[in-house]
Amino acid sequence: MRIALVQTNPTVGALASNADALLEEAARARAQGAELVIASELVVPGYPPRDLLDRTAFLRAIDEANRRIVAEVPEGVVLVFGTVVRNEEARGKPLFNAAIAARRGQIVAVAKKRLLPSYDVFDEERFFEPGHEAASFELNGERIALTICEDAWNDDPSKLVQAGAPPSASDRVRYADNPIADALKTPARLLVNLSASPFTLSKMRARPSLFADIAKRHGVAVAFVNQVGGNDELLFDGRSTLYGPDGSILARAAAFAEDLVIADIEKSGPIRPDLEGEEQAAYDALVMGVRDYVRKCGFSRVVLGLSGGIDSALV
């Protein structure tokens, strides 16, 4: 199974250009023999769309972008992409943070994010209804399980409190559900996780360790596809990775840059150089963040205040 990790830099609210970039990368991936093309969480509206989700016209535009992408998926591939879909039920919030798996003109599966973070920089419970069921589809007779970002961050049994024992503050888990375990109750060839996981220095090693552990614990290949770029104060480092069932890295996309990586679960693929250390990572993150802030806001000039402090030295 040839898999494409599509690591794009979406701009929040730029639905047409985000869809254009996604479809262009899907076509490039297909030309290189990919059968499964995977993009990041909320790649259509950009992450985080926040109060844009309160605008009726914006939601209609997302609906139209979703229909266009499904209709224009290259022949011969399944494209998995993150977007917003409507909650057609009469209860709950009106929207889902979702992943659509589509063949040309046909939706084959929709995963709805189950664990909605509402701490630190996140506020997803405000806008989205949580999903309640595992989602998957078949490709060439093999099952592909779908999850979205936070769904993977509750799968460490060492953090689960034993029944009947009152948890201490350090033992407590944030959620009651374990979407990874639910998704893999039926054996799968590949577990997909679409993410918009913001960069922090502490995540440099924690995130790769998390997904490698999931792969080893469940004996399943894992495709983690992360957003890259800066959207205001949030920075995304990319580093999308395909892990083997033994937790080994089979392929990895670039850090702090758009990338397209084609890999095979049996034959692996390119492994881009990883971050060298915290100092280099922090510097690369800041450069990317400033560059994207200027570019995405459409600024033509910048005024710098040079005070002689650390920030001025960095500038």
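Alanine 101 faces alanine 109 of strand β5 across a strand pair, and that is a good place to start reading this predicted model. The pair is built by strand β4 (residues 95-103) and β5, which run antiparallel and share 6 bridges. From there we can visit an open sheet, two residues in buried positions, a cavity and a pocket.

**The β4-β5 hairpin**
- β4 and β5 make a hairpin with 2 residues between them.
- In the turn you will find glycine 105, whose phi is positive at about 80°.
- As a general reminder, strands of a sheet pair through backbone hydrogen bonds, in either the parallel or the antiparallel sense.

**The open sheet**
- Following the order β6-β7-β8-β9-β12-β13, you can trace an open sheet of 6 strands with mixed pairing.
- β6 (135-139) and β13 (249-252) are the edge strands; each has a single partner strand, so one side of each is left without a neighbour in the sheet.
- On average, neighbouring strands here are turned by 20° against each other, direction ignored.
- Inside this sheet, β7 pairs with strand β8 (residues 190-195) in the parallel sense, over 5 bridges.
- Threonine 147 sits opposite asparagine 193 in β8.
- Helix α4 (residues 203-218) packs on the sheet, where it touches β8, β9 (221-226) and β12 (241-243).
- The direction of helix α4 makes about 150° with that of β9.

**Valine 80, in a strand**
- Look for valine 80 in strand β3 (residues 78-86).
- Valine 80 has 0% relative accessibility, which means it counts as buried, the cut-off being under 20%.
- Leaving aside residues up to four places away in sequence, valine 80 touches Leu36, Val37, Ile38, Ala39, Ala99, Ile100, Ala101, Phe137, Leu146 and Leu194.
- That list includes Ala101, the residue that stands opposite alanine 109 in the hairpin.
- Between the C-alpha atoms of valine 80 and alanine 188 there are 16 Å, while along the chain the two are 108 residues apart.

**Glutamate 150, in a loop**
- Glutamate 150 belongs to the loop between β7 and α3.
- Is this glutamate 150 buried or exposed? Its relative accessible area is 5%, so glutamate 150 is buried, given that the cut-off is under 20%.
- Residues up to four places away in sequence aside, the contacts of glutamate 150 are Lys113, Leu115, Pro117, Tyr119, Arg174 and Tyr175.

**The cavity**
- The model has 1 cavity of 30 Å³ or more, and about 60 Å³ of space lies in this largest cavity.
- Its lining consists of Ala111, Lys112, Arg114, Glu133, Ala134, Ala135, Leu146, Thr147, Asp151, Pro179 and Ala183.
- Which elements each supply at least two residues of that lining? They are β5 (106-112), β7 (142-148) and α3 (179-183).
- By class, the lining of the largest cavity has 6 nonpolar, 1 polar and 4 charged residues.
- Two of the names are familiar: Leu146 lines the cavity and also touches valine 80, while Thr147 lines the cavity and stands opposite asparagine 193.

**The second largest pocket**
- The second largest pocket has a volume of about 360 Å³.
- Among the 13 residues lining this pocket, Leu286, Val290, Val302, Leu304 and Val315 are the closest to its centre.
- Helix α5 (residues 278-297) gives the most to the lining of this pocket, with 7 residues.
- The lining of the second largest pocket divides into 11 nonpolar, 1 polar and 1 charged residues.

Methods
Residues are numbered from 1 along each chain as its sequence is written. This is a predicted model: local features need pLDDT of at least 70, side-chain atom pairs count only at pLDDT 80 or more; totals for chains, interfaces and linings use all residues. Side-chain values use heavy atoms; hydrogens and water are left out. On a 1 Å grid over the protein atoms alone, a cavity is a set of points where a 1.4 Å probe fits but cannot get out, and a pocket is an open set with protein on both sides within 12 Å along at least five of seven lines; lining residues have an atom within 4 Å of a point. Grid points are joined across faces, edges and corners, and a volume is the space filled by probe spheres set on the points. Helices (H or I, at least four residues) and strands (E, at least two) are DSSP runs, numbered from the N terminus. Ala, Val, Leu, Ile, Met, Phe, Trp, Tyr, Cys and Pro count as nonpolar, Asp, Glu, Lys and Arg as charged, and the others, Gly among them, as polar. Two strands pair if DSSP finds at least two bridges between them. Axes are lines fitted to C-alpha atoms, for helices over the stretch in contact, and angles run from 0 to 180 degrees between N-to-C directions. Contact means heavy atoms within 4.5 Å. Buried means under 20% relative accessible area, exposed over 50%, partly exposed in between (1.4 Å probe, protein chains only).
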